[in-house]
Number of protein chains: 2
Amino acid sequence: MSDIEIRPATAGDIPAIVALLADDALGAKRESPDDLTPYRAAFARLVDDPNQHLVVAVRDGRTIGTLQLTVIPGLSRRGATRSVIEGVRVHSDERGSGLGTRFIEWAIDASRREGCQLVQLTSDATRIDAHRFYERLGFEASHLGFKYQL
Amino acid sequence: MSDIEIRPATAGDIPAIVALLADDALGAKRESPDDLTPYRAAFARLVDDPNQHLVVAVRDGRTIGTLQLTVIPGLSRRGATRSVIEGVRVHSDERGSGLGTRFIEWAIDASRREGCQLVQLTSDATRIDAHRFYERLGFEASHLGFKYQL
């Protein structure tokens with residue numbers, strides 16, 4: 001694991017990130033790796049936002065993971081800043097390698113550096129293995145996550 | 001309900017917002033309405049961020065509700081922008097008045113104006129009435145919400 005670099009994503013990483021997003025039971029139905037136009041537009045919208053941290057994990061020039069960390073200042077909980085983790089993907093060849101753990105630990109450390117008091121994420125109710133994974137890392141499944149499609 | 005204004009919060013609204021945050025079964029343990037210092041610092045951190053929309057509902061000069069809407073651009077779901085609703089509070093005198101519904105409908109409309117494809121929120125697992133409320137408004141409890149305290 002020592003030769004893995006976790007770094008901010010660049011525009012050149014978009015094809016690899018989209019491939020990772022699509023290589024997933026739920027993502028396969030939701031992504032369009034053959035048309036990168038909407039992804040490039042989204043990247044342009046987030047890249048200059050200092051509260052958005054879209055990162056990739058790279059080993060030997062190969063992109064093997066991605067996640068997005070968003071920093072959200074707010075008034076509740078005595079003015080607590082929280083972070084939200086979204087879009088966590090680890091390449092299928094690398095699952096079970098410890099990269100997921102290292103990735104989430106990176107996100108926790110980055111949240112601390114950003115002055116956050118709370119890290120949160122939602123996980124689809126069908127992703128039972130992911131729930132066990134987050135609980136092992138110290139996350140508490142204290143909430144229900146609601147979504148509304150526009 | 002026609003005389004309620006929903007508008008961006010200003011620094012002058014901080015005491016009323018904190019009173020609303022504290023007037024809640026969970027918030028009572030987490031907030032410090034007698035010391036506004038951390039709230040003023042948090043407000044300064046979010047007020048100039050174009051992706052943060054901290055709003056209040058006001059009637060006859062009285063602040064009767066607050067919520068925070070955060071816009072999060074991202075690559076997943078074909079470059080979907082999502083919004084996250086946090087810190088929803090309605091004054092205890094106003095619960096059951098329809099303000100909650102109007103407030104969430106405002107957040108959904110604002111999300112649409114911001115180009116979002118998805119609105120999401122988490123609700124503490126103990127807030128059973130809130131879960132029914134969000135489901136009635138069309139939200140789906142499709143996810144588990146995990147938190148990690150730093």
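This report describes how the two chains of a predicted model are related, what surrounds one helix, how aromatic rings pair, and where two backbone angles are positive.

Because the model is predicted, local features need pLDDT of at least 70 and side-chain atom pairs count only at pLDDT 80 or more, while totals for chains, interfaces and linings use all residues. Residues are numbered from 1 along each chain as its sequence is written, chains are lettered from A in the order in which they are written, and side-chain values use heavy atoms, with hydrogens and water left out.

**Relation of the chains**

A turn of 180 degrees with a shift of 0.0 Å along the axis lays chain B on chain A with an RMSD of 0.0 Å, the superposition being by least squares on the C-alpha atoms of residues with pLDDT of at least 70 in both copies. That is the relation of a two-fold axis. Of the interface residues of chain B, 97% are also interface residues in chain A, so the copies meet through the same surface; contact here means heavy atoms within 4.5 Å.

**Helix H3 of chain A**

In helix H3 (residues 37–47) of chain A, the buried residues are A:Tyr39, A:Ala42, A:Phe43 and A:Leu46, where buried means under 20% relative accessible area, exposed over 50% and partly exposed in between (1.4 Å probe, protein chains only). They cover an arc of only 105 degrees around the axis, which puts them on the same side of H3(A); the arc is that of the directions from the helix axis to the C-beta atoms. The cover over these buried residues includes helix H1 (14–22), strand S2 (52–59) and strand S3 (62–72) of chain A, together with helix H4 (76–79) of chain B. Helices (H or I, at least four residues) and strands (E, at least two) are DSSP runs, numbered from the N terminus.

**Aromatic pairs**

Over all chains, the search finds eight aromatic pairs, counted for rings of Phe, Tyr and Trp (its six-membered ring) with centres within 6.5 Å, and called stacked under 30 degrees between planes, edge-to-face over 60 and tilted for the rest. One of them, tilted, is formed by A:Tyr134 and B:Phe146, at 5.7 Å centre to centre and 45 degrees between the planes. A:Tyr134 lies in helix H6 (residues 128–136) of chain A and B:Phe146 in strand S6 (residues 140–149) of chain B, so the pair joins two chains. Both A:Tyr134 and B:Phe146 are buried, and ring pairs link them with A:Phe133, A:Phe139 and B:Tyr148 into a cluster.

**Positive phi**

Most residues other than glycine have a negative phi. The table lists two residues with a positive value.

| Residue | Phi | Place | Relative accessibility |
|---|---|---|---|
| B:Asp60 | near 50 degrees | loop between strand S2 (52–59) and strand S3 (62–72) of chain B | 71%, exposed |
| B:Arg78 | about 55 degrees | helix H4 of chain B | 39%, partly exposed |
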